[in-house]
Amino acid sequence: MSDHTKIEWTDTTWNPLRGCTKISPGCKRCYAETFAERFRGVAGHPYEQGFDIRLVPEKLTEPFLWPGARMVFVNSMSDLFQQEIPDEYIEDVVRVMLEADWHTYQVLTKRSKRLSEMLSGRLRFAAECPHIWWGVSVEDRKYGLPRVEHLRSAPAAVRFLSVEPLLEDLGEWDLSGIHWVIAGGESGHGARAMEAAWVERVQEKCAREGVAFFFKQWGGVHKAKAGRLLHGRTYDEVPARSTAPIPPRKVRLAAAGKWAARVAHWQCQAGGGLVTLAVL
Ligand code: SF4
């Protein structure tokens, strides 16, 4: 599967694990699940096992191999902080991000409590690196807003929110300590509608509080037709990305090579090939 993406706010997706389980209303029409399940049982396809959770250690070193510096959405097809994922594996993913620091990483989760605990503990070494952005999804008041509190309580250089799919007016809420907000409505057949007033209030709050705002889409059944104009314009604000120099290819390959033993370690847990959590 190509690592290029149509997601408007990033350049590339990186999926060192695949699959997930639903935990809140924002998951109801999960695009990752729909995509993955389409290929369940297709021999040799990356999603042969559908949306089942599994580690993909052979993907760990990909950031060293890409030419150029990219904005990277980490685990677009999963959630790094699911309870089934070992702490050690999460740390390895983060250590790769720390080493390949010419990219800018966007780590988005709905498991905000574990994110917060790990950034304050085991991942403290990387929490405040400016090229790793930590974010949570906020679809509504009940499930989404507590995640903002978890994120705010964690040490981080850049904190962001994915307010998508926005399912209701968020009411009065605290935006302090947040650096970037992405907002959008749900798309596809059966999409839940987003009222203009809900997203306008989010945009106005960001403008008042000096927070970068990115309007992704209105969504709906005909996403392309609905477009992404708000107040007759696009909102494409993004925090400043990493400016670390890109090492020569030879150096990057050597850096990737140093991870061979670790990749083999994770592969060995399952006797080679794809690692399934059932045998870890
Ligand atoms: S957390 Fe994200 S990837 Fe996981 S089921 Fe929900 S929407 Fe899908």
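A residue is called buried when its relative accessible area is under 20%, exposed when that value is over 50%, and partly exposed in between. With that scale in hand, a first residue can be placed in this model, which is a predicted one: Arg 95, in helix H3, has a relative accessible area of 32%, and is therefore partly exposed. Leaving out residues up to four places away in sequence, Arg 95 touches Phe 125 and Trp 259. Lys 250 stands 155 residues from Arg 95 along the chain, and the C-alpha atoms of the two are separated by 20 Å.

Before going further, it helps to ask how far the coordinates can be trusted. The average pLDDT of the protein is 93, and 95% of the residues score at least 70. In residues 272-280, however, the pLDDT is below 50, although this stretch has 29 contacts in the model beyond near neighbours in sequence. Where pLDDT is low, the predicted coordinates should not be read in detail.

We can now turn to the interior. In soluble globular proteins, nonpolar side chains tend to be buried together. The largest nonpolar core of this model has 63 residues, and the members that touch the most others are Met 97, Trp 134, Leu 161, Val 181 and Phe 213. Helix H3 gives this core its largest share, which amounts to 6 residues. Apart from this core lies another one, of 12 residues, including Phe 73, Leu 108, Trp 180 and Phe 214. Phe 213 shows what surrounds a member of the larger set: once its neighbours within four places in sequence are left aside, its contacts include Trp 180, Val 181, Val 199, Leu 230 and Tyr 235. Among the other contacts of Phe 213 are Gln 203, Asp 236 and Glu 237.

Where is space left between the atoms? Rolling a probe the size of a water molecule over the atoms shows where empty space is left. The largest pocket holds about 1,200 Å³ of space. Its lining is made of 44 residues, of which Cys 30, Tyr 31, Ala 32, Ser 76 and Lys 216 are the closest to the centre of the pocket. Two or more lining residues come from each of helix H1 (31-38), strand E5 (104-109) and strand E9 (212-217), and the largest share, 5 residues, comes from H1. Sorted by class, the lining has 14 nonpolar, 18 polar and 12 charged residues.

Several residues in loops deserve a closer look, beginning with the loop between strand E4 (71-74) and helix H3, where Glu 84 has its place. Because its relative accessible area is 34%, Glu 84 counts as partly exposed. Glu 84 and Arg 54 are 30 residues apart in sequence, while their C-alpha atoms are 9.1 Å apart in space. Asn 75 is also placed in the loop between E4 and H3. Is Asn 75 buried or exposed? With a relative accessible area of 2%, Asn 75 is buried, because that value is under 20%. Asn 75 also has a positive phi, of about 60°, although it is not a glycine.

His 231 likewise has a positive phi without being a glycine, in this case of about 55°. The loop that holds His 231 runs between helix H8 (223-226) and helix H9 (249-257), and His 231 counts as partly exposed because its relative accessibility is 44%. A further point of backbone geometry is found at Pro 165, where the peptide bond from Glu 164 is cis, with omega near -5°. Pro 165 lies in the loop between strand E7 (158-163) and strand E8 (180-184).

Finally, two residues allow distance along the chain to be set beside distance in space. Ala 255, in helix H9, counts as buried because its relative accessibility is 18%. Ala 255 and Phe 64 are 191 residues apart in sequence, yet 7.1 Å apart in space from C-alpha to C-alpha. Asp 101, in the loop between helix H3 (87-99) and E5, is 68 residues from Glu 33 in sequence and 30 Å from Glu 33 in space, again from C-alpha to C-alpha. Asp 101 is partly exposed, because its relative accessible area is 29%. Apart from neighbours within four places in sequence, Asp 101 is in contact with His 131, Ser 242 and Ala 244.

Definitions and conventions:
Residues numbered from 1 in each chain as written. Predicted model: local features only at pLDDT ≥ 70, side-chain atom pairs only at ≥ 80, totals over all residues. Heavy atoms only, no water. 1 Å grid on protein atoms, 1.4 Å probe; cavity = no way out; pocket = protein on both sides within 12 Å on 5 of 7 lines; lining within 4 Å. Points joined across faces, edges and corners; volume = space filled by probe spheres on them. Helix = DSSP H or I, 4+ residues; strand = E, 2+ residues; numbered from the N terminus. Nonpolar A, V, L, I, M, F, W, Y, C, P; charged D, E, K, R; others polar. Buried < 20%, exposed > 50% of the residue type's maximum accessible area, 1.4 Å probe, protein only. Contact = heavy atoms within 4.5 Å. pLDDT = per-residue confidence, 0-100. Core = buried A, V, L, I, M, F, W, Y, C linked by side-chain atoms within 4.5 Å.
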